[in-house]
Amino acid sequence: MSHWVSWRRQALVIAASEVRRRLLSRGALALLVLAGAPVVLCGVRFALVFTDVGPLENTTEVAYAILYRSVLLRLTVFFGCMIVFTPMIRGDILDRSLHYWFLAPVRRSVLAAGKFMAGLAVTLAVFGATTLLTWLLVTASHGWAELSRKLASPAGLGEPAAYLAATWLACLGYGGVFLAVGIVFKQPIVPALGILGWESLLFLMPAALKKISVVHYVESLLPVAPPEGPLAIIAQPASPWIAVPGVVLVAAAALLFAARRLRRTEILYGVE
Amino acid sequence: MSGSGRIVFENVSKFYGEVLGVNRVTISIGPGITGLVGPNGSGKTTLMNLMTGLLRPSKGRVEVLGVGTDDPETLFRMVGYCTQYDSFPPGVTGLGFIASTLRLHGLSRSEAHERAWRAIESAGLGDAAGRKVAAYSKGMRQRIRLAQALAHDPRVLVLDEPLNGLDPLARAEAIALFKQLAGEGRFVVLSSHILHEVDLLSDQVILIHHGHVVAEGAIRGVREEVTEQPLQVSVRCDRPSLVASRIFEVDSAVEARLHDDGKGLLVRTRDADRFYLLLNRLVVEHGLVLEEVAPADDDVHAVYRYLIEGDGGTS
């Protein structure tokens with residue numbers, strides 16, 4: 001068996017094991033609350049404003065774009081990725097089980113990759129579902145006929161697909177960042193809040209600084225640009241050809257960093 | 001580094017910040033059972049963690065059968081480590097715990113489950129295989145850790161206090177198993193604070209104190225090197241007073257003490273061989289009837305007392 005086949009197999013075993021653990025952990029409840037809250041919010045809105053009179057107004061598309069950016073992207077996906085990815089290593093140190101991974105015939109880089117894959121599998125599935133459900137609930141509030149018409153058109157399918165792609169890209173970027181944060185920091189919430197603060201104030205930043213973020217690239221994939229507000233410094237959105245490889249590179253760099261740190265990590269439970 | 005067929009520490013030091021873990025350790029461990037002996041905090045677990053790559057040496061180099069400890073992919077195909085950490089991944093069952101490790105060794109799901117079953121049954125936990133490890137008793141948790149360390153059939157077994165929490169029957173079974181593995185030419189490195197168990201088990205010992213290796217080797221050899229402490233020989237015979245009266249003809253004799261029952265004596269001598277010659281002479285010339293002649297302090301306990309506790313008294 002070649003090294004690559006062996007590593008892939010080991011990474012998949014680690015990922016499967018981690019997915020089970022994440023779904024059975026206490027963090028899973030917080031994850032479900034985070035992922036479910038926007039769906040409930042949109043469900044309530046759907047119940048209150050449902051009208052079967054169509055056609056779909058442009059304002060609804062903008063309203064969803066605002067909801068997506070301010071709730072789904074900034075809160076749900078951001079904190080969801082934090083909840084899933086930061087305990088991947090830190091949680092094992094805290095419950096004193098990291099040594100079992102270290103005592104297996106597994107390269108630490110493969111361990112990092114397996115854990116990252118597990119986090120991605122969970123977040124892509126959960127937040128992908130949240131994205132599609134919220135979009136459906138908001139769009140369907142103008143009637144089933146209108147929804148069917150929109151879904152049947154190529155542009156209609158493209159819109160939820162673009163939001164889904166943005167969500168997945170955000171999971172990839174934040175996932176990598178939070179995996180690395182979870183290895184370096186004993187209290188990951190502090191740097192996480194720092195990152196959130198930076199990304200929240202990004203609208204005030206010049207174009208060059210906007211590029212040092214995940215959200216700048218993710219938002220460039222949105223099919224409808226949400227309004228930036230009067231104080232914002234407007235910057236040209238990144239092209240998808242830059243945004244997607246850019247975030248992939250950020251995630252790869254973070255994963256590489258995490259793998260290197262993990263190689264140097266020692267089992268010192270007494271001092272953690 | 002020489003000794004690719006051994007476990008080798010070459011001038012290894014480990015510091016936890018400014019706190020000494022082990023200092024300038026140079027040892028070479030061969031097949032068979034090697035006991036690590038030392039008081040709490042002496043560095044036994046640090047040595048084991050260095051041996052398995054859970055810790056990185058601050059200085060020096062560690063190799064296990066020619067493999068560096070920074071190569072887990074190769075190392076843990078031949079090493080099993082039963083740690084002292086009494087913790088497990090949350091929510092895991094006994095069977096799942098072992099099977100998931102075996103899958104990382106490249107076994108298919110069915111092979112891993114089959115082998116995990118065998119390991120669990122040999123650990124006497126067949127009935128509890130499907131139960132969560134968190135609900136196991138301390139002894140069961142110790143057994144499942146042992147089973148996991150052994151499940152992939154390693155050549156090198158590192159066991160940190162492996163008999164802790166085991167009931168007498170399980171202890172006896174574990175001891176028999178370790179001896180069997182050593183008999184097969186495997187490397188069994190274990191630590192225990194129960195000295196008579198180390199004595200019973202070990203082919204050689206490594207005595208550690210304050211992070212330094214104080215002595216290493218076969219226990220009798222180690223004892224003989226402690227020259228500042230006279231050897232103690234217990235003699236059971238029909239006329240102990242005769243032996244006592246002649247003992248100081250041998251200038252290396254230090255002390256003779258009659259047993260309370262009058263049927264033997266304890267002799268302290270710096271040259272056991274000359275004392276044995278004297279005994280032979282007494283048998284031949286005076287018809288002394290010897291019942292038993294046995295060294296009284298060439299066990300781990302005595303060596304521990306002399307080298308670590310600094311006890312110079314007689315037993």
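This talk covers helix packing in chain A, the contact between chains A and B, and the sheet and domains of chain B.

Some ground rules. This is a predicted model: local features need pLDDT of at least 70, side-chain atom pairs count only at pLDDT 80 or more, and totals for chains, interfaces and linings use all residues. Residues are numbered from 1 along each chain as its sequence is written, while chains are lettered from A and ligands numbered from 1 in the order in which they are written.

Chain A, then. Helices here are DSSP runs of H or I with at least four residues, strands are runs of E with at least two, and both are numbered from the N terminus. Take helix 8 (residues 154-184) and helix 12 (residues 240-264) of chain A. Their axes come within 8 Å and cross at roughly 20°. That makes helix 8 of chain A roughly parallel to helix 12 of chain A, a label for angles under 35 degrees, with over 145 roughly antiparallel, 65 to 115 roughly perpendicular and the rest oblique. Axes are lines fitted to C-alpha atoms, for helices over the stretch in contact, and angles run from 0 to 180 degrees between N-to-C directions.

Who touches whom? Helix 8 of chain A brings residues including A:L169, A:L172 and A:G176, and helix 12 of chain A brings residues including A:V244, A:A251 and A:R261. Contact means C-beta atoms, placed from the backbone, within 7 Å. By class, this contact of helix 8 with helix 12 of chain A has 17 nonpolar, three polar and one charged residues. Ala, Val, Leu, Ile, Met, Phe, Trp, Tyr, Cys and Pro count as nonpolar, Asp, Glu, Lys and Arg as charged, and the others, Gly among them, as polar.

Next, the two chains. 24 residues of chain B are in contact with 23 residues of chain A. On the chain B side, helix 2 (72-78) and helix 3 (94-104) each supply at least two residues. That side has 10 nonpolar, 10 polar and four charged residues.

Now the sheet in chain B. An open sheet of four strands runs in the order 2-1-4-5, with antiparallel pairing. Strands pair if DSSP finds at least two bridges between them. Strand 2 (19-29) and strand 5 (67-68) of chain B are the edges. Strand 1 (residues 7-16) and strand 4 (residues 59-64) of chain B pair over five bridges. B:F9 stands opposite B:V62 in strand 4 of chain B.

Last, domains. An automatic or database assignment sets the bounds. Chain B gets domain 1 (7-223) and domain 2 (230-296). Their centres, taken over C-alpha atoms, are separated by 42 Å.

Technical notes
Contact = placed C-beta atoms within 7 Å.
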